[in-house]
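Trainee: I would like to learn how to read helix packing and backbone geometry in a model, one feature at a time. Could we go through an example together?

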Amino acid sequence: MDHFLYRDGQLYAEDVPVAEIAAAVGTPFYVYSTATLTRHFQLFDDALDGTDHLVCFAMKSLSNQAVIKVLADAGAGMDVVSGGEYYRAKAAGVSGDKIVFSGVGKTVDEMRMALEGGIRQFNVESEPEMVVLDRVAQSLGVVAPITVRVNPDVDAKTHAKIATGKSENKFGIPISRAREVYAMAAKMPGLKVIGIDVHIGSQLTDLAPFEAAYLKVAELTEQLRSDGHEITRLDLGGGLGIPYARSNEAPPLPSDYGALIKRTVGHLGCEIEIEPGRLISGNAGLLVSKVIYIKEGEDRQFMIIDGAMNDLIRPAMYDAYHDIDPIIESVPGAEPAKYDIVGPICESGDTFAKARVMTEVKADDLIAFRSAGAYGAVMASEYNSRPLIPEVLVNGDQFAVIRARPTYEEMIGRDTLPTWL
Ligand SMILES: *Cc1c(COP(=O)(O)O)cnc(C)c1O
């Protein structure tokens, strides 16, 4: 559920007409709903009610300072995957003991930054990383709390580019070698083993792979305890999917997911952490764009819009589907049209949808891509020298620009000429 609904024939973001935002900031832009962000966080928090837990928002899905602040104020911790994300979390006021550091390639500088600024735990993904973290922690005279990310070798049944829990993926250590690796960690004075971490992929629309992974984690918890390790925290990752197409069957709800967690690992008495990203931010955002031209092709119509693959790369990168709606609601009974919806970039991959049947639109009309909050703005680039597009946050009847569109001067201002030119 989200807060982008039609009222009196036009699309609103909470209590603000989307057209009003477009008039104020220009197109294209992203707009996020505070109510949707907090509602989705709350669904997870409620789903784990009765167990000691922390819901850590996977910031990589949407990392604007204002969004982090909204979720942190609601009680969320943060899952970060880079020094930049750690810096963003701290800058938004998140305390170090609510920040979890994930990722396969943490550098010495990133480790030092987190150890100095405070960290809830590092999710360590390899033996070499463990060796380096131990050394960095000792050099600072501190002890780094860690979990080891295990790769349970389960098929998440999602897009290959976002599956992370199979043995062929670069993530974690094989669960079959976990006992050996934990034994090694226990001997390192700069590390304190506190738990186990697992994350098997993103946009999972079925609970079965989670269940398979969590059962393996439960078994491993008991083995590690019998080996003498204190396992008090389980980080179960993120990955619960969202409905991108209103015609599709809805994926499982956070409440079903929470029940599954309690059923599979609840008896272990561990503190539970989860790291949802997409389910919190995905349906909390729209990408709003304007139609530039309707172009008649030989056997199709092209809708050429001012948004492009540099603004929203998911269709080009993951063959992703987004529902696309006009800002002015279609009148019942109106004859639909069929479009290939494309951006202005000089690549055929700059295609958002093919043969999409939707309300007829004309030049200058506004359209909205739904479910664009996650992995949208954060993956944007300035390819084709198209400045990063603005982000807007709505809260009830108020809206504010939370990242402004850079001017061309600002865009090129980071380039510098070498002295010899
Ligand atoms: C990407 C990622 C997440 C979030 O995944 P979603 O599908 O957005 O919920 C959580 N944890 C880790 C380690 C990740 O890499």
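Trainee: How are H7 and H8 oriented to each other?

Mentor: Before answering, keep in mind that this is a predicted model. The general idea is to look at the angle between the two helix axes, where values under 35 degrees count as roughly parallel and 65 to 115 as roughly perpendicular. Here helix H7 (residues 178-186) and helix H8 (residues 208-226) pack at about 45°, with their axes 11 Å apart, and H7 and H8 are therefore oblique to each other. The crossing in which H7 passes H8 is right-handed.

Trainee: Which residues of H7 and H8 meet?

Mentor: On the H7 side they are Ala178, Arg179 and Tyr182, and on the H8 side Leu220, Gln223, Leu224 and Ser226. By class, this contact of H7 with H8 has four nonpolar, two polar and one charged residues.

Trainee: H7 also has a contact with H6; at what angle do the axes of H6 and H7 cross?

Mentor: The axes of helix H6 (residues 127-140) and H7 cross at roughly 10° and come within 11 Å, and H6 and H7 are therefore roughly parallel to each other. From H6 the contact draws on Glu127, Met130 and Val131, and from H7 on Val181, Met184 and Ala185. The residues of this contact of H6 with H7 divide into five nonpolar, no polar and one charged.

Trainee: Turning to H2 and H3, what is the handedness of their crossing?

Mentor: The crossing of H2 and H3 is right-handed. Helix H2 (residues 34-47) and helix H3 (residues 65-74) pack at an angle of about 40°, their axes being 10 Å apart, and H2 and H3 are therefore oblique to each other. Thr34, Leu37, Thr38 and Phe41 of H2 meet Val67, Val70, Leu71 and Ala74 of H3, and the residues of this contact of H2 with H3 comprise six nonpolar, two polar and no charged.

Trainee: How many aromatic pairs does a search of the whole structure find?

Mentor: The search finds seven aromatic pairs. To read one of them, one takes the distance between ring centres together with the angle between the planes, which counts as edge-to-face when it is over 60 degrees. The rings of phenylalanine 44 and tyrosine 257 have their centres 6.2 Å apart and their planes at 85°, so this pair is edge-to-face. Because phenylalanine 44 lies in helix H2 and tyrosine 257 in helix H9 (residues 254-265), the pair ties together parts that are 213 residues apart in sequence.

Trainee: What should I look for in the backbone itself?

Mentor: As a general guide, most residues other than glycine have a negative phi, and most peptide bonds are trans. In this model a cis peptide bond joins threonine 27 and proline 28, with omega about -10°, and proline 28 lies in the loop between helix H1 (18-25) and strand S4 (29-33). Aspartate 153 has a phi near 55°, a positive value in a residue other than glycine, and its place is in the loop between strand S9 (144-151) and strand S10 (173-174).

Trainee: Which residues does UniProt list for "domain: Orn/DAP/Arg decarboxylase 2 N-terminal"?

Mentor: The unreviewed UniProt entry lists residues 35-281 for that domain, and over residues 35-281 the chain is 40% helix and 17% strand, with the end C-alpha atoms 11 Å apart. The UniProt annotation "domain: Orn/DAP/Arg decarboxylase 2 C-terminal", likewise from an unreviewed entry, covers residues 29-373. That span, residues 29-373, is 31% helix and 24% strand, and its end C-alpha atoms lie 11 Å apart.

Notes: Residues numbered from 1 in each chain as written. Predicted model: local features only at pLDDT ≥ 70, side-chain atom pairs only at ≥ 80, totals over all residues. Heavy atoms only, no water. UniProt positions renumbered as here; feature names shortened; annotations may be inferred. Helix = DSSP H or I, 4+ residues; strand = E, 2+ residues; numbered from the N terminus. Axes fitted to C-alpha atoms, helices over the stretch in contact; angles between N-to-C directions. Parallel < 35°, antiparallel > 145°, perpendicular 65-115°, else oblique. Left-handed = near helix turned anticlockwise from the far one by under 90°. Contact = heavy atoms within 4.5 Å. Nonpolar A, V, L, I, M, F, W, Y, C, P; charged D, E, K, R; others polar. Phe/Tyr/Trp six-rings, centres within 6.5 Å; stacked < 30°, edge-to-face > 60°.
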